[in-house]
Amino acid sequence: MLKAVALESAHGEFVSLLGPSGCGKTTLLRIVAGFERPDAGQVTLNGADITEVPAERRNMGMVFQAYSLFPNLSVAQNIRFGLRLRRAPKARREALVMELLDMMGLSAYRDRYPHQLSGGQQQRVALARALAIRPALLLLDEPLSALDAQVRVQLREEIRRIQRETQVTTLLVTHDQEEALSIADRVAVMHEGRVVQFDTPATIYHRPADAFVATFIGASTRLEGQVANPHDGIVTILGVSMPATHAKGFAARTPVMIFIRPEAVRLNAADEPGLGLAGDVVEHTFFGATTRLLIVLREAVTLMADIQSTLAEGFPVGSRVRAMWPADAPQVLRS
Amino acid sequence: MATPLSSRLPQPGWRAVLLGVAGLYFMAPLIATGVFSLWDGGNRYNFSAYAQLLGTPEFWQSLFLSARLALLTVLLSLLLLVPTVYWVQLRAPRLRPVLEFIAVLPFMVPAIALVEGLSALYTGPAWLVGTPDFLVVAYVILALPYTYRVLDVGMRTLDIRTLGEAAQSLGATWPTVMLRAILPNLAGALVGATLLTLAIVMGEFTFANILLFNTFAVYINYVGQSSGSQAAALSLLSFLMTWLAMLGIFLIGRRGQVQLGGAR
């Protein structure tokens with residue numbers, strides 16, 4: 001169920017709706033498309049209220065998660081479908097079909113039928129079909145989720161390129177945060193029917209608005225602490241003073257949550273001089289270029305730290321380390 | 001350890017024997033009927049039974065009547081069921097068990113009870129109740145288990161919700177969605193439902209006989225009581241029509257069956 005949703009996107013903008021399963025993002029997209037009616041609220045397009053306008057008159061192209069091409073029509077006929085309904089002149093229709101086939105790299109497949117195409121090709125045709133009607137808004141309902149990883153990344157980049165070329169305002173629903181962050185101009189993070197943050201991918205990642213966004217987007221360690229010196233941006237965590245620029249807005253002794261990304265954590269051997277949270281390395285997880293270390297601090301609090309794999313041998317399991325981070329790295333939120 | 005399937009199947013020699021026995025079981029009565037239909041007394045064998053049959057006006061009248069009733073039944077069944085199944089799948093999936101139950105009722109209620117019920121209940125206009133067209137009402141009910149099942153499976157295989165919404169987002173109104181996005185992709189199911197209904201109506205006897213309409217099945221029964229060879233010839237012709245209908249299902253169904261998308 002959707003509760004508090006207020007989204008507005010500019011012309012030509014690429015917006016992602018991101019959230020876990022059941023958060024309401026698909027419902028929101030279907031309301032925008034006209035397939036569901038909201039109990040309350042308004043959907044406006046270019047300033048006009050379209051809440052009561054039926055889906056077929058909204059001029060919104062949609063690409064679905066499930067393969068949605070008409071199985072009895074060829075690639076070219078699928079792309080032509082919306083144009084024929086609009087009674088576009090034949091010459092213009094054909095020129096547009098050719099242009100879209102070319103744009104999608106599908107010219108060689110124009111006479112093939114959907115079952116003769118791969119999943120990635122089918123979604124490209126679906127995208128071409130949606131773009132053919134020159135939509136006021138392009139809606140993408142998890143269009144890449146049925147594809148394998150390699151094709152997904154490739155098609156994701158193509159979608160972004162095509163969106164930039166056509167400048168069509170686009171709304172993408174996804175539960176894949178990498179997809180949302182890499183493709184969108186702005187991301188709306190949804191949780192339990194609400195938009196909890198709507199901002200650029202970088203802001204969402206570095207300055208999450210609440211604990212849900214901080215833990216849902218990427219990996220981070222949540223630490224409990226207290227603002228020690230708001231003027232200098234110092235917090236106390238497990239009795240240790242740590243830098244946190246974003247604590248500056250809080251009053252002294254305010255209990256806070258400190259979220260720190262693993263890649264922001266810097267490690268030193270515990271016997272080296274310096275400040276930081278001391279702990280024991282208990283686990284290594286190899287990710288290729290980086291290795292994630294789990295460090296148990298005092299009171300069994302666990303901290304994640306990603307370091308270059310080439311340096312990981314310097315901090316073997318069982319070693320005592322000291323963790324530090326740049327002052328502007330942690331996000332500080334009221335407890 | 002699991003036994004490979006190939007080692008559990010009968011050996012090739014046994015397979016041939018089994019196929020032969022099964023073939024004989026099914027073919028022997030047909031061959032015997034065929035031979036009997038050609039028998040013209042004594043040692044004479046010819047096509048006179050067929051010639052007499054095809055030269056009889058009642059044969060053609062009953063055949064055309066049944067064909068007309070079959071076509072009307074197909075039309076009414078599809079007009080009623082296509083939108084209903086579509087609507088239940090999209091908008092009221094909770095009603096599906098109710099529809100399933102209704103669809104199997106004709107299997108549970110004996111034909112004689114159905115025809116009695118129809119006679120008692122339907123006191124409609126003379127242009128319907130007084131003509132063979134009245135049978136169409138009963139035949140739609142009789143064909144319901146088959147037509148419903150075929151359409152239900154066809155629509156479930158197709159993901160009609162996504163197809164319908166895709167067409168709608170491209171500007172199609174509901175009639176256009178049905179005519180241009182759903183029905184063309186249901187060709188296999190529609191042909192299947194049509195041919196099954198044709199086969200049922202062409203062979204239906206109880207309703208027509210009790211309500212005193214001279215359909216093809218009633219005519220077969222009548223001929224059977226008056227001429228043995230002609231009855232055998234008629235039975236074979238009837239079989240032939242059924243076979244053609246089945247062949248039609250196989251061929252058109254195979255050609256019209258839409259292959260759904262998916263990664264190759």
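**Questions on chain A and chain B**

Biologist: In E17(A), which residue stands opposite Ala269(A)?
Modeller: The model is a predicted one. In this model, strand E13 of chain A pairs with strand E17 (residues 320-324) of chain A in the antiparallel sense, over four bridges. Opposite Ala269(A), in E17(A), stands Val321(A).

Biologist: Which strands stand at the edges of the sheet in chain A?
Modeller: The open sheet has five strands, in the order E13-E17-E14-E15-E16, with antiparallel pairing. A strand at an edge has a single partner strand, so one of its sides is left without a neighbour in the sheet. In chain A this applies to E13 (266-269) and E16 (302-308).

Biologist: What is the average twist from one strand to the next in this sheet?
Modeller: The sheet in question is the open one of five antiparallel strands in chain A. From one strand to the next, its twist averages 45°.

Biologist: What area is buried between chain B and chain A?
Modeller: The size of an interface is often given as the accessible area lost when the parts come together. Here the contact takes 30 residues from chain A and 26 residues from chain B. Carbon and sulfur atoms give 59% of the buried area. The area itself is about 2,400 Å².

Biologist: Which residue of chain A forms a salt bridge with Glu165(B)?
Modeller: Side chains of opposite charge can pair when their charged atoms come close. The count between chain B and chain A is one salt bridge. Its closest N and O atoms are 2.5 Å apart, within the 4 Å cut-off. The partner of Glu165(B) is Arg30(A).

Biologist: Which helix gives the largest share of the side of chain B that touches chain A?
Modeller: Four residue pairs are in polar contact between chain B and chain A, both residues being at pLDDT 80 or more. On the side of chain B that touches chain A, helix H9 (160-169) and helix H10 (174-182) each supply at least two residues. The largest share, eight residues, comes from H9(B).

Biologist: How many residues on that side of chain B are nonpolar?
Modeller: The residues of the side of chain B that touches chain A divide into three groups. Five are charged and 10 are polar, while the nonpolar ones number 11.

Biologist: In which helix do Glu165(A) and Arg161(A) both lie?
Modeller: The side chains of Glu165(A) and Arg161(A) meet in a salt bridge, with an N to O distance of 3.0 Å. The two residues are four residues apart, about one turn of the helix. That helix, residues 149-166 of chain A, is H5.

Definitions and conventions:
Residues are numbered from 1 along each chain as its sequence is written. Chains are lettered from A and ligands numbered from 1 in the order in which they are written. This is a predicted model: local features need pLDDT of at least 70, side-chain atom pairs count only at pLDDT 80 or more; totals for chains, interfaces and linings use all residues. Side-chain values use heavy atoms; hydrogens and water are left out. Contact means heavy atoms within 4.5 Å. Buried area is the accessible area (1.4 Å probe) that two parts lose on being put together, summed over both. A polar contact is a pair of N or O atoms within 3.5 Å; within protein, one must be able to donate a hydrogen and the other to accept it, and residues adjacent in sequence count only if both atoms are side-chain atoms. Ala, Val, Leu, Ile, Met, Phe, Trp, Tyr, Cys and Pro count as nonpolar, Asp, Glu, Lys and Arg as charged, and the others, Gly among them, as polar. Two strands pair if DSSP finds at least two bridges between them. Axes are lines fitted to C-alpha atoms, for helices over the stretch in contact, and angles run from 0 to 180 degrees between N-to-C directions.
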